[in-house]
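The following exercises are to be worked with the sequence and the structure in view. Each task is followed by a solution in steps.

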Amino acid sequence: MINFDTFYIRCPRCGSHLEGHLVRSELVNKSVLFSDGKTLNDNYITEPQKLIICPACSHWYWIEKYEEPVVSYEKPDATVYNWNHWRFFGVHFNNNQGKIALVNHYKKALEILNGDRDKELYIRRLMWWAFNDLVRNNYQRTLKYLMSGQMSFNVWRKNRMKLHEGRIIFRKFRDDYVANMRELLVLLKSRYTPDDEEYEASMLEIIELYREMGEYGEAQKILNTIPRRTHYIARIEREVKKKHDFVFLVVG
Ligand SMILES: [Zn+2]
């Protein structure tokens, strides 16, 4: 049983009510972390959705913080759009076309940003994750995964075909994927200084970006400046040494 808090957002243009959920972090059963930083709690992404497209009037708006009065925790006395209508712009994650549709939403968002660097950083990070979603579950392709009993043979086989298709699409979009990572790298480098709370996390993100771009020398150079070896850093370093550039499952 997943434990949510339910919230409601009101479209600033047409007044439609959107219903969504926040997983209560203290009640999470399973947390999954990937090398690009994407984290899932009970299968739900922990990063809040800041950019919303109203399912009723297609108005684009931004929510910086999920706090009152922008969001309300009281059910409105009106019809509400459920989460599937607007969560990640209503795309379906269970096929590769939905994942590409999500990338395209982010591309469009970048066109209308008006030079806001923090918003650009947020969008480019989510776009990076969206590209990686095409190959994120590659670990499920292995026989070892089938043997773990988490999928029946038929489900595993179908999933494997989908993952194979995802890899082909991922390769096709390689230039866009790398170009986005380069821009994200520039944004991260200019955004944080050692005095910032986010500095250390941004350094790890920079290492991971270099690794995924195939620039292992640059990734190793920064790794050499980090004295601590957490499980996460050790795993990244191992992949850098092997010259592997795919996103991978760190914990889960
Ligand atoms: Zn609206």
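Two strands are taken to pair if DSSP finds at least two bridges between them; helices (H or I, at least four residues) and strands (E, at least two) are DSSP runs, numbered from the N terminus. The model is a predicted one, in which local features need pLDDT of at least 70 and side-chain atom pairs count only at pLDDT 80 or more, while totals for chains, interfaces and linings use all residues. Residues are numbered from 1 along each chain as its sequence is written.

**Exercise 1.** Describe the hairpin formed by E1 and E2, and place both strands in their sheet.

Step 1. Strand E1 covers residues 4–10, and strand E2 covers residues 17–23. The two pair in the antiparallel sense over 7 bridges, with Phe7 opposite Gly20 in E2.

Step 2. Between the strands of this hairpin lie 6 residues, and Gly15 in the turn has a positive phi of about 80 degrees.

Step 3. The open sheet has 4 strands in the order E8-E1-E2-E9, and its pairing is mixed. E8 (71–72) and E9 (80–81) are at the edges with a single partner strand each, so one side of each has no neighbour in the sheet.

Step 4. E1 runs antiparallel to E8, joined by 2 bridges; Ile9 has Val71 as its bridge partner in E8. E2 and E9, in contrast, pair in the parallel sense over 2 bridges, and His17 stands opposite Val80 in E9.

Step 5. In the loop between strand E7 (60–62) and E8 is Pro69, which a cis peptide bond with omega of about 5 degrees joins to Glu68.

**Exercise 2.** Examine the loop between E4 and E5, where Asp42 lies.

Step 1. E4 (residues 39–41) and E5 pair in the antiparallel sense over 2 bridges, and Tyr44 in E5 is the bridge partner of Asn41.

Step 2. These strands belong to an open sheet of 4 strands, ordered E5-E4-E3-E10 with antiparallel pairing. Its edges are E5 (44–45) and E10 (249–251); each has a single partner strand, so one side of each is left without a neighbour in the sheet.

Step 3. Asp42 is not a glycine, yet its phi is positive at about 50 degrees. Asn43, in the loop between E4 and E5, is likewise not a glycine and has a positive phi of about 75 degrees.

Step 4. A residue is buried if 20 or more other C-beta atoms, placed from the backbone, lie within 10 Å of its own, exposed if 12 or fewer, and partly exposed in between. Asp42 has 16 such atoms within 10 Å and is therefore partly exposed, whereas Asn43, with 10 C-beta neighbours inside 10 Å, counts as exposed.

**Exercise 3.** How do H7 and H9 pack?

Step 1. Axes are lines fitted to C-alpha atoms, for helices over the stretch in contact, and angles run from 0 to 180 degrees between N-to-C directions. H7 and H9 pack at about 25 degrees, with their axes 10 Å apart.

Step 2. Angles under 35 degrees count as roughly parallel, over 145 as roughly antiparallel, 65 to 115 as roughly perpendicular and the rest as oblique. H7 and H9 are therefore roughly parallel to each other.

Step 3. Contact requires C-beta atoms, placed from the backbone, within 7 Å. Ile207, Glu208 and Arg211 in H7 meet Ile236, Glu239 and Val240 in H9.

Technical notes:
Two residues are in contact if their C-beta atoms, placed from the backbone, lie within 7 Å.
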